[in-house]
Amino acid sequence: MNKDAMCQCEIRQVGRFDGWDDFDEFITVLNGEPSLVPARVAQPDSYVGLVERWYQCSACATMWRLVEPDPPFEGLWQKVDSPQP
Ligand SMILES: [Zn+2]
């Protein structure tokens with residue numbers, strides 16, 4: 001199975017957001033991507049007080065972490081290395 005050919009979850013390069021406009025734009029893309037399903041945050045990686053959400057790709061099962069910006073922290077979008085079941 002070539003999961004890369006089917007997968008739609010790489011909607012953005014991993015890394016930080018370039019301000020609120022960039023973040024809002026990303027949320028619009030995220031909400032429009034049905035293969036990314038909200039998941040339980042099993043292992044929060046963010047600092048206390050930051051809003052963190054996880055999404056799992058229904059095609060390849062990759063778990064993604066979204067941490068909302070809280071200036072001067074610029075937020076984060078990255079893969080979760082080893083998600084717990
Ligand atoms: Zn995927």
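Trainee: Which residue of E4 does Val67 stand opposite?

Mentor: In this predicted model, Val67 stands opposite Leu76 in E4. Val67 also has a partner in another strand, since it is the bridge partner in E3 of Glu52.

Trainee: How do you know that E3 and E4 are paired, and in which sense do they run?

Mentor: Two strands count as paired if at least two bridges are found between them. Four bridges join E3 to E4, so the requirement of at least two is met and the two strands are paired; their sense is antiparallel.

Trainee: What makes E2 and E3 a pair by the same test?

Mentor: E2, which covers residues 52–57, and E3, which covers residues 63–67, are joined over five bridges in the antiparallel sense. Because at least two bridges are needed, the five between E2 and E3 are enough for a pair. Tyr55 and Trp64 in E3 are bridge partners here.

Trainee: How many bridges lie between E1 and E2, and which residues stand opposite each other?

Mentor: E1 and E2 pair over four bridges, again in the antiparallel sense. Val37 stands opposite Gln56 in E2, while Leu36 stands opposite Cys57 in E2.

Trainee: In what order do the strands lie in the sheet?

Mentor: The sheet is an open one of four strands, with the order E1-E2-E3-E4 and antiparallel pairing.

Trainee: Why are certain strands called edge strands, and which are they?

Mentor: The name belongs to strand E1 (36–39) and strand E4 (76–79), each of which pairs on one side only. Neighbouring strands of this sheet are, on average, turned by 30° against each other, with direction ignored.

Trainee: What makes E3 a mostly covered strand?

Mentor: A residue is buried if 20 or more other C-beta atoms lie within 10 Å of its own, and four of the five residues of E3 are buried. For the chain as a whole, 13% of the 85 residues count as buried.

Trainee: Why is Ala61 called buried or exposed?

Mentor: Ala61 has 11 C-beta neighbours inside 10 Å, and a residue with 12 or fewer is exposed, so Ala61 counts as exposed. Ala61 is found in the loop between E2 and E3, and these two strands form a hairpin with five residues between them. Its phi is near 70°, a positive value in a residue other than glycine.

Trainee: What class of exposure does Gly19 have, and how do you know?

Mentor: Gly19 has 13 other C-beta atoms within 10 Å; 12 or fewer would make a residue exposed, and 20 or more would make it buried, so Gly19 falls in between and is called partly exposed. Gly19 lies in helix H2, which spans residues 19–31.

Trainee: How far is Gly19 from Glu74 in sequence and in space?

Mentor: The two are 55 residues apart in sequence, while their C-alpha atoms are 7.0 Å apart in space. Across the chain, among contacts between residues at least 6 apart in sequence, 39% join residues at least 24 apart.

Trainee: What kind of peptide bond joins Pro71 and Pro72, and where is Pro72 placed?

Mentor: The bond between Pro71 and Pro72 is a cis peptide bond, with omega about 10°, and Pro72 has its place in the loop between E3 and E4.

Trainee: How many helices and strands does the chain have, and in what order do they run?

Mentor: The chain has two helices and four strands, and from the N terminus on its elements run α-α-β-β-β-β.

Definitions and conventions. Residues numbered from 1 in each chain as written. Predicted model: local features only at pLDDT ≥ 70, side-chain atom pairs only at ≥ 80, totals over all residues. Axes fitted to C-alpha atoms, helices over the stretch in contact; angles between N-to-C directions. Contact = placed C-beta atoms within 7 Å.
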